Amino acid sequence: MQSGGSTKPWRVVAIPDGVDVPDETPYVVKVFSDKNVQQGNSIGKEFICNFLAGEFDLGVPEACIIDPYNEDFCHTLDYSVRDVLSKKHKGVTYCSKLSNAILVNGHLGSFNIHDCAAVFAFDCLILNVDRGGHHDKPNLLVDDDGFILIDHELTLHII
């Protein structure tokens with residue numbers, strides 16, 4: 001993916017484990033550095049906040065675990081991409097189903113104030129410093145059903 005902050009997420013097509021009829025599904029994979037994982041617990045924060053958002057009836061993409069070091073997967077990567085991966089955390093990581101939605105921006109018009117308040121309250125709960133503000137990153141998608149919250153590794157500073 002061409003954008004996506006410091007983690008530069010990848011768009012991959014994968015087949016979910018344990019399904020009777022294999023279905024190729026697009027996912028967004030977060031490839032974190034060792035420092036992100038060891039000092040920031042980034043993978044865990046992504047899963048925790050994704051789960052919590054769902055508990056508050058906020059839209060989130062389905063969270064999954066993926067092994068970017070799977071031998072079959074690695075053989076599909078160009079050498080330059082494998083080089084990037086070699087400098088990242090060695091192990092399973094967070095991924096989510098790719099949403100058919102667009103990134104919230106100032107040109108989309110107005111939104112329901114209740115939805116905006118719910119997102120703001122949730123961000124206060126998880127201590128999210130990475131939505132809006134001086135970063136000017138919405139980390140928020142929108143589709144016909146409403147907001148979809150993404151990108152939660154810079155939250156829960158107490159962990």
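**Exercise 1. In this predicted model, find how many bridges join strand 5 to strand 6, and in which sense the two strands run.**

Solution.
Step 1. Strand 5 and strand 6 are joined by two bridges.
Step 2. The two strands run antiparallel.
Step 3. One pair can be located by residue: leucine 103 has leucine 141, in strand 6, as its bridge partner.

**Exercise 2. Place strand 5, strand 6 and strand 7 in their sheet, and state which strands are at the edges.**

Solution.
Step 1. The sheet is open, has three strands and follows the order 5-6-7. Its pairing is antiparallel.
Step 2. Strand 5 (102–103) and strand 7 (146–149) are the edge strands, since each pairs on one side only.
Step 3. Strand 6 covers residues 140–143 and pairs with strand 7 over four bridges, in the antiparallel sense.
Step 4. Two residues form the link in the hairpin from strand 6 to strand 7.
Step 5. Specific partners can now be found. Valine 142 has phenylalanine 147 of strand 7 as its bridge partner, and leucine 140 stands opposite leucine 149 in strand 7.
Step 6. A helix is also in contact with these strands: helix 5 (residues 113–126) lies across strand 6 and strand 7. The angle between helix 5 and strand 7 is about 15°.

**Exercise 3. Decide whether aspartate 143 and aspartate 123 are buried, partly exposed or exposed, and list their contacts beyond four places in sequence.**

Solution.
Step 1. Aspartate 143 lies in strand 6, while aspartate 123 belongs to helix 5.
Step 2. The relative accessible area of aspartate 143 is 27%. Buried means under 20% and exposed means over 50%, so aspartate 143 is partly exposed.
Step 3. The relative accessible area of aspartate 123 is 10%. This value is under the 20% cut-off, so aspartate 123 is buried.
Step 4. Leaving aside neighbours within four places in sequence, aspartate 143 is in contact with Asn100, Ala101 and Ile148. With residues up to four places away not counted, aspartate 123 touches Asn128 and Arg131.
Step 5. Sequence separation can be set beside distance in space. Aspartate 143 and isoleucine 102 are 41 residues apart in sequence, and their C-alpha atoms are 6.7 Å apart.

**Exercise 4. Locate asparagine 139 and leucine 156, and state what is notable about the phi of each.**

Solution.
Step 1. Most residues other than glycine have a negative phi.
Step 2. Asparagine 139 has a phi near 45°, which is positive although the residue is not glycine. Leucine 156 is also not a glycine, and its phi is positive at about 45°.
Step 3. Asparagine 139 is in the loop between helix 5 and strand 6. Leucine 156 is in the segment after strand 7.
Step 4. Asparagine 139 has a relative accessible area of 9% and is buried. Leucine 156, at 10% relative accessibility, also counts as buried.

**Exercise 5. Describe the second largest pocket by its volume, its lining and the elements that contribute to it.**

Solution.
Step 1. The space in the second largest pocket is about 410 Å³.
Step 2. Its lining is made up of 15 residues, and those nearest the centre are Ala14, Ile15, Asp17, Ile66 and Asp67.
Step 3. Strand 1 (10–14), strand 3 (63–66) and helix 3 (71–74) are the elements that each give two or more residues to this lining.
Step 4. Sorted by class, the lining of the second largest pocket has 11 nonpolar, one polar and three charged residues.

**Exercise 6. State how many cavities of 30 Å³ or more there are, and describe the largest cavity.**

Solution.
Step 1. The count is one cavity of 30 Å³ or more.
Step 2. The largest cavity holds about 40 Å³ of space.
Step 3. Among the residues that line the largest cavity are Lys30, Phe32, Tyr69, His89 and Thr93.
Step 4. By class, this lining has six nonpolar, three polar and two charged residues.

**Exercise 7. Summarise the whole chain by its elements, its buried share and its contacts.**

Solution.
Step 1. The chain contains five helices and seven strands.
Step 2. Read from the N terminus, the order of elements is β-β-α-α-β-α-α-β-β-α-β-β.
Step 3. Of the 159 residues in the chain, 35% are buried.
Step 4. Take the contacts between residues at least 6 apart in sequence: 64% of them join residues at least 24 apart.

Technical notes:
Residues are numbered from 1 along each chain as its sequence is written. This is a predicted model: local features need pLDDT of at least 70, side-chain atom pairs count only at pLDDT 80 or more; totals for chains, interfaces and linings use all residues. Side-chain values use heavy atoms; hydrogens and water are left out. On a 1 Å grid over the protein atoms alone, a cavity is a set of points where a 1.4 Å probe fits but cannot get out, and a pocket is an open set with protein on both sides within 12 Å along at least five of seven lines; lining residues have an atom within 4 Å of a point. Grid points are joined across faces, edges and corners, and a volume is the space filled by probe spheres set on the points. Ala, Val, Leu, Ile, Met, Phe, Trp, Tyr, Cys and Pro count as nonpolar, Asp, Glu, Lys and Arg as charged, and the others, Gly among them, as polar. Two strands pair if DSSP finds at least two bridges between them. Contact means heavy atoms within 4.5 Å. Axes are lines fitted to C-alpha atoms, for helices over the stretch in contact, and angles run from 0 to 180 degrees between N-to-C directions. Buried means under 20% relative accessible area, exposed over 50%, partly exposed in between (1.4 Å probe, protein chains only).
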